[in-house]
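Visitor: Hi, could you walk me through this one?
Guide: Happy to, let's bring it up.

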Amino acid sequence: MASQWRRDNDDGPADRSPHFFKIILPNAVQEGKLRILDKFVQKFGVDLSDMAFLTIPNGRKWKVKLTQHAGGVWFQNGWSEFASSHGVAVGHLLVFKYEGNSQFHVLIFDATATEIDYTLDDELQVHRIEDDESDDSSVEIIKHFYRGEGSGSAHPKKDGGVAKNLVIANAFTSENPLFTVIMRPSYVNGKDRASLPQDIINYLPRDGFTKDYTKASILPVKLQIVDRLWPVKLYIYERRGGSSCVVSAGWTAFVRENSLQVGDVCVFELIMRDGVLFNVHIFKCQD
């Protein structure tokens with residue numbers, strides 16, 4: 001089996017584990033899945049099962065389901081949890097080292113090409129995901145991806161529109177703190193919640209928070225577009241893996257009344273005026 005890892009025209013050791021890297025593009029954040037490099041799948045797909053294990057440098061292991069569609073193989077069920085727990089965002093770079101038997105070691109670098117800090121848990125654990133019985137695109141055994149097979153675009157046409165839209169949104173500047181959010185399906189489907197960048201927490205006041213049964217810290221804030229205001233609530237959750245920030249309790253009305261769609265980009269401009277107010281700038285996706 002050692003010869004399995006030998007690269008073409010490679011005079012190095014035969015057991016060297018293959019690596020590939022992925023730069024996080026808007027579609028990976030928006031859709032909550034990441035496509036595995038086609039060239040890797042063509043060469044090593046016969047060794048993959050329908051479940052992959054991602055291990056980060058602190059030893060923590062995540063269980064992520066592989067799915068096959070659009071001519072490729074994707075990290076899907078469980079990927080969003082892995083990405084959000086490590087703050088993976090557009091522009092981050094992930095290096096995957098394949099150890100065989102669907103086992104990957106993963107290094108995560110932020111947009112400045114600096115490796116992130118990995119929070120060490122008290123005990124190592126495998127993060128499990130619930131199988132979606134309705135998903136008929138699951139990979140039972142990826143045995144059809146031999147060399148030369150596997151086609152299809154990794155980035156559907158609409159992803160180009162999201163990327164262009166994100167570039168336009170990122171060109172917006174202000175003296176106030178800015179936070180960019182790409183609208184995902186779960187943000188616009190009526191669940192009345194959306195995740196905001198974790199950095200927002202650093203700019204919020206220390207007082208004004210309340211607690212509820214979920215043990216979240218809750219802060220009433222307002223979203224503003226021109227001269228109209230929408231009252232919402234920010235929920236701050238403190239976990240071992242770090243803090244997270246969610247906007248809810250009024251978010252659905254804001255989405256509906258501003259006709260937000262998947263791929264739209266919202267830039268939240270933080271303004272401290274009579275409490276916490278976000279001036280929201282919406283950049284519509286054209287594709």
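Guide: We'll talk about the core, one strand and a surface patch.
Guide: This is a predicted model, where local features need pLDDT of at least 70, side-chain atom pairs count only at pLDDT 80 or more, and totals for chains, interfaces and linings use all residues. Residues are numbered from 1 along each chain as its sequence is written, and side-chain values use heavy atoms, leaving out hydrogens and water.

Visitor: Which residues have the most contacts inside the largest nonpolar core?
Guide: Leu 54, Phe 75, Trp 79, Phe 96 and Phe 104, in a core of 30 residues. A core here is a set of buried (under 20% relative accessible area, 1.4 Å probe, protein chains only) Ala, Val, Leu, Ile, Met, Phe, Trp, Tyr and Cys residues joined through side-chain atoms within 4.5 Å.

Visitor: And what does Phe 75 touch?
Guide: Among its contacts (heavy atoms within 4.5 Å), not counting residues up to four places away in sequence, are Leu 54, Phe 96 and Phe 104.

Visitor: Switching to S7, which residues are on its covered face?
Guide: Phe 104, Val 106 and Ile 108, while Gln 103, His 105, Leu 107 and Phe 109 make the uncovered one. Strands are DSSP runs of E, at least two residues, numbered from the N terminus.

Visitor: How many bridges pair S6 and S7?
Guide: Seven, in the antiparallel sense; strands pair if DSSP finds at least two bridges between them. Phe 96 has Val 106 as its bridge partner in S7.

Visitor: Last one: is Leu 25 buried or exposed?
Guide: Leu 25 counts as partly exposed because its relative accessibility is 35%, and partly exposed runs from 20% to 50%.

How values were computed. Helix = DSSP H or I, 4+ residues; strand = E, 2+ residues; numbered from the N terminus.
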